[in-house]
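Here is a quick tour of one chain, written for someone who likes to check things against the coordinates. Keep the viewer open while you read.

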Amino acid sequence: MPPTTRPERVWGYAGFWWRVLAWAIDSLILSAADLLLEAAAGDGPLWNGDMGQRRGGLLHVSDVVVTNAWTLPPPSWLSLVLFLIQAGYFALLESSRWQATIGKRVCRLRVTGLDGGRISLPRAIGRYFAKFLSALILCIGFLMVGWTRRKQGLHDILAETLVVRLQPPPGLVRFNPPPVS
């Protein structure tokens, strides 16, 4: 039996839709953590009867949409804890040995420095906070992934990072339709 050789891993820049899918998975995970923490604290719209009227949440878009931004009440301790969990989730996992959040890992994505190496925790924190700038300018910073040469968003450019995706080996999965008779 001939020795089996493992094909070399090929990484390419991660496109916009792969990154959106990874973000959606991460959002589900963080939303579940949000609900569990709110349940433990006895706070939140599901637990205190304020369905749709949550006060002071930093993580919920409905607060900004429903309430005038100038009249938002100060954030509660729970909102600050949830914010720190979210920031820690992204920064710690993207600077870890995984180089990816759970959503990115499922999509076979990695966050790297421009040299392809692992990023430091301070750089991962900076990248996380640069996402606010990407969002602030009508999300154009995120949309930049679709047209920049290395598929970088504004936050990636500012943090000098890349998001890459493991490409399947060529010829591994190939569908050949049957001939037309």
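What follows goes from the overall layout to helix packing, the cores and a few individual residues.

## Ground rules

This is a predicted model, so local features need pLDDT of at least 70 and side-chain atom pairs count only at pLDDT 80 or more, while totals for chains, interfaces and linings use all residues. Residues are numbered from 1 along each chain as its sequence is written, and side-chain values use heavy atoms, with hydrogens and water left out.

## Overall layout

The chain has 8 helices and 3 strands, taking helices as DSSP runs of H or I of at least four residues and strands as runs of E of at least two, numbered from the N terminus. Read from the N terminus, the order is β-α-α-α-α-α-β-α-α-α-β.

Of the 181 residues, 34% count as buried. Buried here means under 20% relative accessible area, exposed means over 50%, and partly exposed is in between, using a 1.4 Å probe and protein chains only. As for contacts (heavy atoms within 4.5 Å), take those between residues at least 6 apart in sequence: 62% of them join residues at least 24 apart.

## Helix α4 and its two partners

Start with helix α1 (residues 16–41) and helix α4 (residues 77–94), which pack at about 150° with their axes 11 Å apart. That angle makes α1 roughly antiparallel to α4. For the conventions, axes are lines fitted to C-alpha atoms, for helices over the stretch in contact, and angles run from 0 to 180 degrees between N-to-C directions. Angles under 35 degrees count as roughly parallel, over 145 as roughly antiparallel, 65 to 115 as roughly perpendicular, and the rest as oblique. The α1 and α4 crossing is right-handed, meaning that the near helix is turned clockwise from the far one by less than a right angle (anticlockwise would be left-handed). On the α1 side, the contact residues are D26, I29, L30, D34, L37, E38 and A41, and they meet W77, L78, V81, L82, I85, Q86, Y89 and F90 of α4. By class, that contact has 11 nonpolar, 1 polar and 3 charged residues. Nonpolar covers Ala, Val, Leu, Ile, Met, Phe, Trp, Tyr, Cys and Pro, charged covers Asp, Glu, Lys and Arg, and the others, Gly among them, are polar.

Now swing round to helix α6 (residues 121–136), which packs with α4 at about 130°, axes 8 Å apart. Here α4 is oblique to α6, and the crossing is right-handed. From α4 come F83, Q86, A87, F90, A91, L92 and E94, and from α6 come L121, A124, I125, R127, Y128, F129, K131 and F132. The class count for α4 with α6 is 11 nonpolar, 1 polar and 3 charged residues.

## The cores

The largest nonpolar core has 9 residues: A14, A22, A91, C107, L109, V111, I119, A124 and V163. A core of this kind is a set of buried Ala, Val, Leu, Ile, Met, Phe, Trp, Tyr and Cys residues joined through side-chain atoms within 4.5 Å. Setting aside residues up to four places away in sequence, V163 touches G12, Y13, A14, R19, L109, R110, V111, R127 and D156. There is also a second, separate core of 7 residues, including L30, A87, F90 and Y128.

## Two buried spots

L166 sits in strand β3 (residues 161–167) and is buried at 15% relative accessible area. Its C-alpha atom is 5.9 Å from that of V10, although the two are 156 residues apart along the chain. Beyond residues up to four places away in sequence, L166 touches R9, V10, W11 and R108.

S95 is in the loop between α4 and α5 (102–106), and is buried at 9% relative accessible area. Leaving out neighbours within four places, S95 contacts R118, I119, S120, L121 and A124. The C-alpha atoms of S95 and L121, 26 residues apart along the chain, are separated by 5.3 Å.

## Two positive phi values

Most residues other than glycine have a negative phi. L138 is not a glycine, yet has a positive phi of about 60°. L138 lies in the loop between α6 and α7 (140–143) and counts as exposed at 73% relative accessibility.

E160, also not a glycine, has a positive phi of about 55°. E160 lies in the loop between α8 (154–159) and β3, and is partly exposed at 42% relative accessible area.
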